[in-house]
Amino acid sequence: MDETPVRRALIMAGGGLKVAFQAGVLQVLLDEARTPGGQPLNFELADGASGGVFNLAMWCQGLTGQQIADNWRRTQPWRGVSLNWRQWLPIPASLFTYDAFRRQVLQRTWKLDWSAITTTKRLATFNMLNVGRQQHEVRTAAEMNEAALIERNNAAIACGQPGEFGRSIEVRWLSAEVPAHYLFSLSRASMEEAVTRGVIWGRRWCRAQGLVVDQADAPTSGGQVSFRERMVGAFAYGEPDPEEGAATGAGTDTELDVRLAVTIADVDQFVRDRRHTGQLVGSIRCDAMGGEQPVTDGVVELLWDRGDPTWKWLTYRLNFRDNDGNDITLFGRKNVIHAAGINDLWSDTTTLYVHLYRGRFEAEHQAAFRHHIGSGVIHVRLGSFLRQLTTFRWTAGQLGE
């Protein structure tokens, strides 16, 4: 029986917002993951390149995975931007300077302790580019050469030769898509979403590897946001296709006027939640169902995806009753697809394809075909959208936030 102990290393790549995703993964690997025997994972070596060196520095400092992830959750990208005013002079200069990033992010937000980093007992290698020489440099471990070195080593082992490490090295990749453009993150929310995605994929990866995950407690409340929304359109009884239903129902008693108040009770939880769920109240007006009826229960899921951030959904579920007291459930979906750039962004985010069912359902898959009433389309019109912008209200989660 081979009792050779498992030796693990972390290889942290760069790539803008991908590094925030990476921080979420580190929360899982460093704090939550356990071997089948219940032992925490131990990493003897960590290697970083580009933006990955920031997480590597925090690891060297001794921060936990949760602390590294929280540093990224708190990061506000604009605070790290400072213009290089020398660009207006008739000499070559960069567009931005490093000053604000060093002061606002490295020192104030992340609170990096360079004394602890440089004196760490952890084995770490930092990959950097010497701009003056245009050469790749590795600090503290000159022989490290990432994947190519590992491949040569394994090939030598397979041929009966000792190789660079004296044993075969197994590389286990963990990667996934990150939301938005990974190089141009302009908000703290996108940072938090990238971290959350890293946590989700990190837990999924660990379970696939047979590891036990002891999930960390979620951060505290981040305050409340609310706004109002109005959508109008039509549906047709017995029509399975929403667009056909909207065309058939236009100008008839199946026209719909939906007025909603959206509440996000905890912004931090909303960002962490994969489906980004908010609560709905309001009313639905439809003459065919007896006029205006209150929404007895409602949920909206804002801009969530199933792993592909180029295709996001806004899904609605509205429960109400008709004039005879019968339960009706309306399910709707907006498809936000990053295919034609921003040209179709307006139509994607303002067009809701709806299906109505007899009965009260929590999820659309619970409703059978025999429950189906009809389908249609409702829209947010430009005037309603402009009024919607004036309805946003917010309450801080903590004093002074």
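**Exercise 1. Decide how far strand 3 is enclosed by the rest of the structure in this predicted model, and find its pairing with strand 1.**

Solution. Begin with burial: of the seven residues of strand 3, which spans residues 43-49, six are buried, so the strand is largely enclosed by the rest of the structure. The model is a predicted one. Next, turn to the pairing, where strand 1, made of residues 8-12, runs with strand 3 in the parallel sense over five bridges. Finally, pick out one bridge by its residues: isoleucine 11 has aspartate 47 of strand 3 as its bridge partner.

**Exercise 2. Is threonine 196 buried or exposed, and which residues does threonine 196 touch when those up to four places away in sequence are not counted?**

Solution. First locate threonine 196, which lies in helix 7, covering residues 188-208. Then compare its relative accessible area of 9% with the cut-off: buried means under 20%, so threonine 196 is buried. With residues up to four places away in sequence set aside, threonine 196 touches Val271 and Arg272. As a last step, consider glutamine 22, which is 174 residues apart from threonine 196 along the chain, while 9.9 Å separates their C-alpha atoms.

**Exercise 3. Classify the exposure of tryptophan 114 and give the separation of its C-alpha atom from that of alanine 57.**

Solution. Tryptophan 114 is placed in helix 5, residues 114-118. Its relative accessible area is 49%, and because partly exposed covers values between under 20% and over 50%, tryptophan 114 counts as partly exposed. For the second part, tryptophan 114 and alanine 57 are 57 residues apart along the chain, and their C-alpha atoms are separated by 8.5 Å.

Note on methods:
Residues numbered from 1 in each chain as written. Predicted model: local features only at pLDDT ≥ 70, side-chain atom pairs only at ≥ 80, totals over all residues. Heavy atoms only, no water. Buried < 20%, exposed > 50% of the residue type's maximum accessible area, 1.4 Å probe, protein only. Helix = DSSP H or I, 4+ residues; strand = E, 2+ residues; numbered from the N terminus. Pairing = 2+ DSSP bridges. Contact = heavy atoms within 4.5 Å.
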